[in-house]
Amino acid sequence: MRPLPLFPVTTVGSWPRPPKVAEALRQFRRQRIDRGEFDRAADAAVIELLELQQNLGCDIVTDGELRRDNFYSFVADKLDGVRLMTLAEMLGVVEDKAGFERLLQTLDVPAYSISSPICTGRLQRRRALAADDLRFVRRHTDRPVKVTLPGPYLLTRAMFVSELTRAFYPTKEALAEDVVAVLRTELVELAAEGADFVQFDEPVLTEVVFAPGRTRTFMCSALAARRDPAEELDLAVSLINRVVEDVRDVRIGVHVCRGNWSRDETTLLSGGYQPLAAYLERLDVAQLVLEYATERAGDLMPFGGKELGLGVVNPRADAVESAAAIRMAVEDALRFYAPGQIFLNPDCGFGTFSSRPMSSWAIAAAKVGAMVAAARELRG
Ligand SMILES: [Zn+2]
């Protein structure tokens, strides 16, 4: 891990895909162009984004997840036993069609535009999930690099669709065993390849506590039946801790948010971190990357000595936060955290879905610039 300044500025992962890359991804998925042609379009965009982050003064850069359809669906391209299905396709196979249609209505997302990776066979790592992307990034920047991966709980919940999965894994816990193995292999490889920061995305944790009793409100946990929230959270903690166990030489974080699929804040979940705190504290990771720019996230609090990736800009709003407002948010966090424990980031990704970015490239850049300005003032 390379040294970082105080209040390092980074992003949560995704960046709006340039139209050329989004189009190349569509063509690649329809098998109209080959991987080499897709990579040429994506490589150029990643290099441009790395230069932009460097010029803006971003301390930990990412590849913007530009090669991914969304933050977790891309695994379908890398793992045997996983098929990318749109929500519309899933509607065709699920037994509870009425319930699934109600879910689609609550999402404010066109069903054909969002794809989910569904387990339809035994999981097998065919290609690296992110290690080859990391190698590419490291060839084109000297900056510390963050790599994002879907967390094991999210991935298990998203991939387990009983009607399609049970022939290979009778329960989601059985599927989780292989998900943990795949992510752990990837994490070890990323650490060996010199990743500075690996972030596991577990947005679905908030759905467990903020939408109990409601069915399937969160797009990426489509169908797996829920038990008691406490049991689900215990499962999530144990899966994450097994993925990261004894992995050293890389900063590991977990990102939690309340949804980033719509700019309509009223469709997203709401509630403070208190009901999750006891579980988040038990995670064997250095940092929690949390949204706080949105009021839906409630009040600041400490989590047993962990670093805080403090969400200070909202990727779903066009108004660019001022450096002064960001500085005030950090000063507020200094009530609970030492200066060396606070990183600055947006609440969530600027892109999320290749076909449905939350932000434009220009506004995302302006927001990163505001964080950099605030960090420089704070360091002064
Ligand atoms: Zn998020």
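**Strand β8 and its surroundings in the sheet**

In this predicted model, both faces of β8 are covered, with Ile-342, Leu-344 and Pro-346 buried on one side and Phe-343 and Asn-345 buried on the other (buried: under 20% relative accessible area with a 1.4 Å probe, protein chains only; strands: DSSP E runs of at least two residues, and helices: H or I runs of at least four, both numbered from the N terminus). In a regular strand the side chains alternate between the two faces of the sheet. Five of the five residues of β8 are buried.

β8 belongs to an open sheet of six strands, ordered β3-β4-β5-β6-β7-β8 with parallel pairing (two strands pair if DSSP finds at least two bridges between them). β3 (146–150) and β8 (342–346) occupy the edges with a single partner strand each, so one side of each lacks a neighbour in the sheet. From one strand to the next, the twist averages 25° (axes are lines fitted to C-alpha atoms, for helices over the stretch in contact, and angles between N-to-C directions run from 0 to 180 degrees).

β7 (residues 307–313) pairs with β8 in the parallel sense over five bridges, and Gly-309 stands opposite Phe-343 in β8. Helix α13 (residues 361–379) packs on the sheet and touches β7 and β8, its direction making about 160° with that of β8 (contact: heavy atoms within 4.5 Å).

Residues are numbered from 1 along each chain as its sequence is written. Local features need pLDDT of at least 70 and side-chain atom pairs count only at pLDDT 80 or more, whereas totals for chains, interfaces and linings use all residues, and side-chain values use heavy atoms, leaving out hydrogens and water.

Notes: Buried < 20%, exposed > 50% of the residue type's maximum accessible area, 1.4 Å probe, protein only.
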